[in-house]
Amino acid sequence: MEVDGEDGRTQNQLRPLACSHNILYRAHGSASWSLRTRTLRKQTGQIDNLLKSYLMRMRPWLNGNKEALEFKFHHVWVWFRYSGLPLEEAYEMILKRTLQSICHLTINPNTTTSIIIQVINDDSALLSCAINAACVALVDAGIPTKHVAVAICCCVAKSGCKMKAFAYLAFPNSVHSVLPERSSSMQGKPIEHGIVTSVTNGIMSADNYFYSLERGRAASVRVVRVSQEELATALN
Amino acid sequence: MGLPNASGDLSTEVEVDAFRRLFPLRLYEKHLLESIRPDARPLGRARETTIALGAVASANGSALAKIGSTTMLAAIKMEVMTPSLETPDEGCIAIDFHMPPICSPIVRPGRPDEAAPVVAKQLSDTILSSGMINLKELSLVSGKAAWMAYLDIYCLDVDGALFDTALLSVVAAFSYLEIPVPVVSLNDDGKIVLSEEQGLSDREPVNKEKRKINLSSIPFSLTCVLHKNYILADPTAEEESIMDTIVTVVLDSSSQLVSLHKPGGTVLAYTSAIQDCIALTRQRVKELQKILEEAISGMEVD
């Protein structure tokens with residue numbers, strides 16, 4: 001495999017991942033997720049992409065909105081603090097919908113869970129880092145979720161490592177993957193093959209998109225292992 | 001009162017409208033079994049689409065697009081400005097998306113709706129990354145003067161598929177855009193001055209006539225809603241609120257994928273579902289291309 005990336009990575013290599021949880025005392029749950037980029041030329045400079053996500057106290061919230069007949073009394077609010085760009089609000093909406101789809105909304109009625117994501121440093125792949133950090137924080141807080149979402153960023157590049165387009169993909173990861181005996185499946189397709197969230201930027205052919213889906217799925221296995229190991233240490 | 005049969009019993013006693021308000025999902029599922037929607041549309045068909053070009057007379061280019069009841073007005077005004085140092089040969093497009101309170105009872109004055117910045121970001125990403133407009137065409141004098149296109153999109157009515165309608169109105173507005181004739185000259189301080197006069201010997205007119213902008217690879221989009229195994233194309237606002245998994249696919253005229261936007265949602269999208277969405281979008285691209293061409297040729301006849 002040729003060395004393509006500027007930092008000496010091959011096509012399938014991920015940046016070194018680091019994850020830690022329970023770092024904040026006041027919050028119900030918290031997690032930090034970082035991807036470290038190392039530049040080959042300057043050994044002194046280390047650019048981190050750290051994301052801390054933490055949950056505030058769950059407080060009772062009287063649900064007086066128009067959807068009084070529905071059974072969704074549980075709100076999930078996401079606050080994304082970066083630099084006040086309109087980017088923030090779009091990311092907030094994507095994060096909110098992703099996390100809403102993995103939480104069980106009916107378990108705690110009349111409650112609001114606030115998820116606050118603080119970006120410490122940005123070196124691209126921001127959205128996928130945020131989703132991963134938020135999921136680990138949810139598990140840390142003990143909020144029951146249907147499955148954990150694992151996010152990854154794949155990019156389609158012309159030769160010469162000029163990025164043409166990129167896609168943020170989030171896949172569900174079944175809790176059954178921790179138990180090796182069986183894995184859940186829906187209509188014969190394993191649940192890991194579905195996509196929770198996909199946001200693309202730039203032009204790519206449809207085939208390239210499906211190819212990057214496969215690569216993303218393969219890479220997400222490694223990403224999940226990082227967070228699973230981290231959470232396993234908490235249980236022991 | 002047996003719960004599994006509660007809605008069944010009520011459906012024989014209660015009118016359709018009340019049933020629709022109380023159990024919207026069950027009403028839709030009953031219809032989906034017959035592969036049809038409550039408004040008698042088949043699952044894969046989009047609503048009636050119309051484009052009116054030149055809706056705003058004072059703007060350089062404008063269009064009003066309607067998909068069903070969703071209405072969007074896009075208007076472009078051009079202004080000369082100095083290009084940035086990094087791109088001295090390129091003009092600039094400034095995109096602004098507004099959702100005034102007229103569009104929906106949910107939007108209140110002074111408080112922007114939460115959908116607005118999302119659609120705004122999606123629009124600007126799509127327009128800039130699709131390569132529809134070559135920014136170099138907007139350049140006048142390299143390094144000194146270039147066109148800045150102020151693109152304003154106003155949502156006038158919300159009924160689902162906001163992004164589709166907005167993108168259609170932008171594309172139509174750009175295809176109707178006429179870049180005005182500037183007379184650009186340097187005044188004594190060396191600054192660019194735009195003047196409307198022609199015929200003075202010491203000033204050089206840059207353009208002789210109004211010109212249209214060249215659009216390559218126009219993007220078109222289709223929003224679909226996923227519910228269990230069904231894919232509903234072009235949802236109304238009611239459908240979007242009941243079934244929360246929304247997928248937007250943007251394809252350009254050479255069938256390249258410009259954007260695939262699926263922000264979460266309870267239904268997981270498997271590869272087969274995505275392929276179906278892309279196939280539906282391809283059909284829709286052909287329909288929209290035809291509608292746009294008819295609108296443009298209609299204007300030229302006048």
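Here are some worked exercises on a predicted model, with most of the attention on chain B.

**Exercise 1. Overall build of chain B**

Find how many helices and strands chain B has, and what percentage of its residues are buried.

*Solution.*
- Start with the secondary structure: chain B contains 7 helices and 14 strands.
- Next comes burial: of the 302 residues in chain B, 47% are buried.
- Then look at sequence separation. Taking contacts in chain B between residues at least 6 apart in sequence, 68% join residues at least 24 apart.
- Finish with the surface: chain B exposes about 14700 Å², and 51% of that comes from carbon and sulfur atoms.

**Exercise 2. A nonpolar patch**

Name the residues that make a nonpolar surface patch of about 270 Å², and place Leu156(B) in the secondary structure.

*Solution.*
- The patch is made by Ile102(B), Tyr154(B) and Leu156(B).
- Leu156(B) belongs to strand β6 of chain B, which covers residues 145–157.
- Members of a patch need over 30% relative accessible area. Leu156(B) has a relative accessible area of 32%, so this residue is partly exposed.

**Exercise 3. The nonpolar cores**

Work out which residues have the most contacts inside the largest nonpolar core, and which element gives the largest share of this core.

*Solution.*
- The largest core has 92 residues. Those with the most contacts inside it are Tyr209(A), Phe97(B), Leu123(B), Leu151(B), Ile153(B), Phe174(B) and Ile274(B).
- Helix α5 of chain B, residues 162–176, supplies the largest share of this core, with 10 residues.
- Now zoom in on Ile274(B). Leaving aside residues up to four places away in sequence, Ile274(B) touches Ile195(A), Tyr209(A), Phe210(A) and Leu213(A) from chain A, along with Leu260(B) and Ala269(B) from chain B.
- A second, separate core has 25 residues, among them Ile131(A), Tyr168(A), Val199(A) and Leu268(B).

**Exercise 4. The buried side of a helix**

List the buried residues of helix α3 in chain B and explain why they are on the same side of the helix.

*Solution.*
- Within α3 of chain B (residues 24–33), the buried residues are Pro24(B), Leu27(B), Tyr28(B) and Leu32(B).
- They are on the same side of α3(B) because they cover an arc of only 135 degrees around the axis.
- The general rule helps here: an α-helix has 3.6 residues a turn, so residues three or four places apart point the same way.
- What covers these buried residues includes α2 (16–22), β11 (219–227), β12 (230–233) and α6 (237–242) of chain B.
- After α3(B) comes Ser35(B), with a positive phi near 55 degrees.

**Exercise 5. Salt bridges across the sequence**

Identify the parts of chain B that are tied together by the pair Glu238(B) and Arg20(B), and by the pair Arg37(B) and Glu239(B).

*Solution.*
- For context, the whole structure has 10 salt bridges over all chains.
- Glu238(B) and Arg20(B) form a salt bridge through their side chains, at 2.9 Å from N to O. Glu238(B) lies in helix α6 and Arg20(B) in helix α2 of chain B, so this pair ties together parts 218 residues apart in sequence.
- Check the burial of both partners: Glu238(B) is partly exposed at 28% relative accessible area, and Arg20(B) is partly exposed at 28%.
- The side chains of Arg37(B) and Glu239(B) also meet in a salt bridge, at 2.9 Å from N to O. Arg37(B) sits in the loop between α3 and β1 (49–53) of chain B and Glu239(B) in helix α6 of chain B, so the pair ties together parts 202 residues apart in sequence.
- As for burial, Arg37(B) is buried at 1% relative accessibility, and Glu239(B) is buried with a relative accessible area of 1%.

**Exercise 6. A salt bridge within one helix**

Determine how far apart Arg284(B) and Glu287(B) are in helix α7 of chain B, and decide whether each is buried or partly exposed.

*Solution.*
- Arg284(B) forms a salt bridge with Glu287(B), with the closest N and O atoms 2.9 Å apart.
- Both lie in helix α7 (residues 271–301) of chain B; they are 3 residues apart, so about one helical turn separates them.
- Arg284(B) is buried, with a relative accessible area of 5%, whereas Glu287(B) is partly exposed at 39%.
- To round off the charged residues, Asp39(B), Arg41(B), Arg47(B), Asp159(B) and Asp234(B) are linked in a network of salt bridges.

Key:
Residues are numbered from 1 along each chain as its sequence is written. Chains are lettered from A and ligands numbered from 1 in the order in which they are written. This is a predicted model: local features need pLDDT of at least 70, side-chain atom pairs count only at pLDDT 80 or more; totals for chains, interfaces and linings use all residues. Side-chain values use heavy atoms; hydrogens and water are left out. Helices (H or I, at least four residues) and strands (E, at least two) are DSSP runs, numbered from the N terminus. Buried means under 20% relative accessible area, exposed over 50%, partly exposed in between (1.4 Å probe, protein chains only). Contact means heavy atoms within 4.5 Å. Accessible areas come from the Shrake-Rupley method with a 1.4 Å probe; for residues, only the protein chains shown count as cover. Patches are made of residues with over 30% relative accessible area and no salt bridge: like charges are joined within 9 Å, nonpolar side chains (Val, Leu, Ile, Met, Phe, Trp, Tyr) within 5 Å. A salt bridge is a side-chain nitrogen of Lys or Arg within 4 Å of a carboxyl oxygen of Asp or Glu. A nonpolar core is a set of buried Ala, Val, Leu, Ile, Met, Phe, Trp, Tyr and Cys residues joined through side-chain atoms within 4.5 Å. The arc is that of the directions from the helix axis to the C-beta atoms.
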